[in-house]
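Trainee: I would like to learn how to read single features in a structure. Can we go through some together?

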Amino acid sequence: MLDFFTIFSKGGLVLWCFQGVRGPAATAPVNALIRSVLLQERGGNNSFTHEALTLKYKLDNQFELVFVVGFQKILTLTYVDKLIDDVHKEFRDKYRNEFQQKGALGLLNGTFDFKDDFMRLLRDAEESSKVRAPTVMKTFEQSLKSQKTVKCMIETRGEKPKEKVKNKKNKGSKKEGNEAVAAPTKGSVGDKQLSAAGDKEELTKDEILQKNREEFFRRHMKAGEKSRSPKPDAQKEKGKKPRVWDLGNSNAKVLDYSNSATNGSAEACPVEEFDPDMALGDKNREPGRLYDLEYESDDEAEEEKVIQNPSKPSAKKGGLGGMFGMLKGLVGSKSLTRADMDPVLEKMKDHLIAKNVAAEIAVQLCESVAKKLEGKVMGTFTTVTSTVKQALQEALVQILQPQRRVDVLRDVMDAQRHHRPYVVTFCGVNGVGKSTNLAKISFWLIENGFSVLIAACDTFRAGAVEQLRTHTRRLNALHPPESHGGRTMVQLYEKGYGKDAAGIAMEAISYARNQGFDVVLVDTAGRMQDNAPLMTALAKLIAVNAPDLVLFVGEALVGNEAVDQLVKFNKALADHSMAQTPRLIDGIVLTKFDTIDDKVGAAISMTYITSKPIVFVGTGQTYCDLRSLNAKAVVAALMKA
Amino acid sequence: AMADGLEPDPAALRELSGPAALSVLIALIAVALTLLIWRFVQGRRSSRKAVLLLGLCDAGKTLLFARLLSGKYRDTQTSITDSSATYRPSRDKSTNVTLIDLPGHESLRLQFLERFKAAARAIVFVVDSVAFQREVKDVAEFLYQVLVDGTVLRNAPALLIACNKQDVTMAKSAKLIQQQLEKELNTLRVTRSAAPTTLDSSGGPAQLGKKGKDFDFSQLPMKVEFVECSARGSKGEEGDADLEGLEKWLVKVA
């Protein structure tokens, strides 16, 4: 049932491969697994879907191996997890020598003849999943229904309830088999029957039925009166009566518990000790003035100290046992277990969240790091904390590294060679700095000698077009046409307010092509990700105009919202695109970076969700405040305590 | 009594002074000097014994690694971590180098380069000759990042650009690849230095080659060579790989 099972080292050598049912090669799906899961730190859950296959994997961090099994998505095989674990254990034990002693050469030169063992394990796993045979259905003879006579199943009117109760009793007696009839336990009735019931085994079933029926009749006569009394009740309850509240009809007077004497009279309430100082507080305030909020950072520091103190005594309790464990850990050859890593990971997760990384992403990151480190042998003089921190740092740098080339100028040159403008679209929610950063990017492009056309496709916000016009004027003042060979370096293309943004964009692009502009920067209106009609409009603009670069502008102050924004933007773009491969967000512009000191977590959240690079970073409001991302500096700021 | 106890010591010391103290001093200096020299020599010799295999994803680095070390063909997957082993380039010389195969994936390559660049005596940059036309910009970007690295410029390890996958008919020749790379690196010099500076503004990237003139591989401080090779080998998986040029160069470098 399996499509394939591969075992390969983390360095890339395939140690053993089993090609199952039919054989598309295992390399492509496994490569996809590696690239999307392991390298993007999404290693939290251990299964991955690729086209028609489901891939499950397991990492061995001690010997740096990866075990991958692939099977058809539509099958749900329950024995796969167990199979992987068993194979892992056997393979590791069988070839331990190769791994430990010879290193890479051992992997290269060793022959891993695992097929027989694997077939055996596979057979065992399949057997174990089949052990519970499906329960066989009872035959008709075995069921209870066959033991009832036809007579008792005939329903005549009036006797219906009797029949039902009788049948229940009969069933009860059948169930208990040869026991004395337990159901009619009304003693007076039962005695006679019990003695007769003692010989029940010799009685045939019909006679048992007969006896029970007689019994029942007798009881029923007695209970007749009882049954009659509930009947009048039933008759009475036939019609629904309106509910009567106790005090409902009584008037408000009864409910008024206020002391009519006290209202309005001054003697009723005792005179308090009125302290004007306490009530008014600050004696020096000016009457009528509204003061600013005072920012006290001392309180926060005190709170942190308070939180830390309770944790210290628990550390002390660790005591001797902890010390020995630490010594053992220091000397090396201790392999990491989940229990060791959990407290450290918890702390790291809280630290990341404190640095403004979105909560779910911090959780996923820590999970992935745990998976990568489980079972790894620590070197000498390394503690668990340092190993985990190191691994987390590497993971963060890995996330921030761009998966594709980030070189806008190179692409613009390419487009220039083909005599077509390079189109960049800016999208994002309200107020993140799209227009400001658009102006900064056009300044940078002009400095490098490219002419820019700004398309004002924000036809909604009041003053959007005027803002861009002011920027254009300023840029032209800074770079007048004379210094660039008589060419206007930046121009605004606008059609006022209220028009369709996609149409304006299309016209702007064709205008740029005719006039020979190198770059077109399209500014769109800010929109919330939940606003469906506006998201549709944005998706239409992007699908129709096919820009070269779609930049999502996000501010660095955003916290958990970043995840929601990016997911919904991408989803909207994917849903409304007609093409096979829809245009999604290609890059991120991180703005207002100067407003956060070292709470740089938003960068991580955004790159993790989209796996697209951060192309520009905005650090202020002047034209020169445009930077590119330095992954190491950001991670250093993030890991700083 | 105390004074008596103390008195002999200065006397004894005075006796020791003179030739004895001088010899002790000389001995100490000699030991220190030997230690220093030994550490220096050791450091120099052992610090740069590595030959790095760099390149884009799917260029064939891991297969090349396997072929060089064992001569056999192995199936490979995308590497997630480095692999290293000692390699003896030639049977007569007793020198050996550490061959290190680094992952080529975009998110890992720079990290691993950071780790191993100081120990590099030589760099083999593996290029996929079949997909080169499509990937020329990415290849050039990675090569640029390697070449402007401070440590690499300082140590100037020998660079070999191995044009792999020559067994396929559509493979580009080494000459063509050299020309295209020079052109691309020429453009990259301009665009990269014009890119917005990084957040901590650690200074712009170093200048590659000579200003004013078109970029040429001969302008670099290290020796650059181009070689064609095929890790898979023209006779299929059972046959040998076509690695003569590469092996000769390794012998030269070791």
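Mentor: We will take salt bridges, a buried charge, surface patches and backbone angles in turn. Keep in mind that this is a predicted model.

Trainee: How many salt bridges are there over all chains?

Mentor: A pair counts when a side-chain nitrogen of Lys or Arg is within 4 Å of a carboxyl oxygen of Asp or Glu. By this rule there are 30 salt bridges over all chains. One of them joins Lys56(A) and Asp81(A), with the closest N and O atoms 3.6 Å apart. Lys56(A) is in strand E4 and Asp81(A) in helix H2 of chain A, so this pair ties together parts that are 25 residues apart in sequence.

Trainee: Is Lys56(A) buried or exposed?

Mentor: Buried means under 20% relative accessible area. Lys56(A) has 17% and therefore counts as buried, whereas its partner Asp81(A), at 36%, is partly exposed.

Trainee: Which side chain meets Arg469(A) in a salt bridge?

Mentor: Glu494(A) does, at 2.5 Å from N to O. Glu494(A) sits in the loop between strand E8 and helix H19, and Arg469(A) belongs to helix H18 of chain A, so the pair ties together parts 25 residues apart in sequence. Glu494(A) is partly exposed at 28% relative accessibility, and Arg469(A) is partly exposed at 32%.

Trainee: Which residues are linked in a network of salt bridges?

Mentor: The network links Arg410(A), Asp414(A) and Arg417(A) with Lys137(B) and Glu184(B).

Trainee: What is the nearest side chain of opposite charge to Lys440(A)?

Mentor: That side chain is Asp625(A), 5.6 Å away. The cut-off for a salt bridge is 4 Å, and Lys440(A), though buried, has no salt bridge. Look next for polar atoms around the lysine. The backbone oxygen of Gly620(A) lies 2.7 Å from a polar atom of the Lys440(A) side chain. Lys440(A) itself is found in helix H17, residues 434–447 of chain A.

Trainee: Which residues gather in a patch of negative charge on the surface?

Mentor: They are Asp167(B), Asp242(B), Glu244(B) and Glu247(B). Of these, Glu244(B) lies in helix H9 of chain B and counts as exposed, at 55% relative accessibility. Asp167(B) also has a polar contact of 2.8 Å, side chain to side chain, with Ser230(B). That serine is buried, with a relative accessible area of 1%, and lies in the loop between strand E6 and H9 of chain B.

Trainee: Which residues make the nonpolar surface patch of about 700 Å²?

Mentor: Val24(B), Leu25(B), Leu28(B), Ile29(B), Leu33(B), Leu36(B) and Ile37(B) make it. Take Ile29(B) as the example: this residue lies in helix H3, residues 19–47 of chain B, and is partly exposed, with a relative accessible area of 49%.

Trainee: Why would one look twice at a positive phi?

Mentor: Because most residues other than glycine have a negative phi. Ala546(A) has a phi near 45 degrees, a positive value in a residue other than glycine. Its place is the loop between helix H20 and strand E10 of chain A, and at 48% relative accessibility Ala546(A) counts as partly exposed.

Trainee: What is the phi of Asp58(B)?

Mentor: The phi of Asp58(B) is near 70 degrees, again positive in a residue other than glycine. Asp58(B) lies in the loop between strand E1 and helix H4 of chain B and is partly exposed, at 47% relative accessibility.

Key. Residues numbered from 1 in each chain as written. Chains lettered and ligands numbered in written order. Predicted model: local features only at pLDDT ≥ 70, side-chain atom pairs only at ≥ 80, totals over all residues. Heavy atoms only, no water. Helix = DSSP H or I, 4+ residues; strand = E, 2+ residues; numbered from the N terminus. Buried < 20%, exposed > 50% of the residue type's maximum accessible area, 1.4 Å probe, protein only. Patch = residues over 30% accessible without salt bridge, like charges linked within 9 Å, V, L, I, M, F, W, Y side chains within 5 Å. Areas by Shrake-Rupley, 256 points an atom, 1.4 Å probe, with all protein chains shown as cover. Lys, Arg positive; Asp, Glu negative; His and termini not counted. Charge placed at Lys NZ, Arg CZ, Asp CG, Glu CD. Polar contact = N/O pair within 3.5 Å; in protein donor to acceptor, adjacent residues only side chain to side chain.
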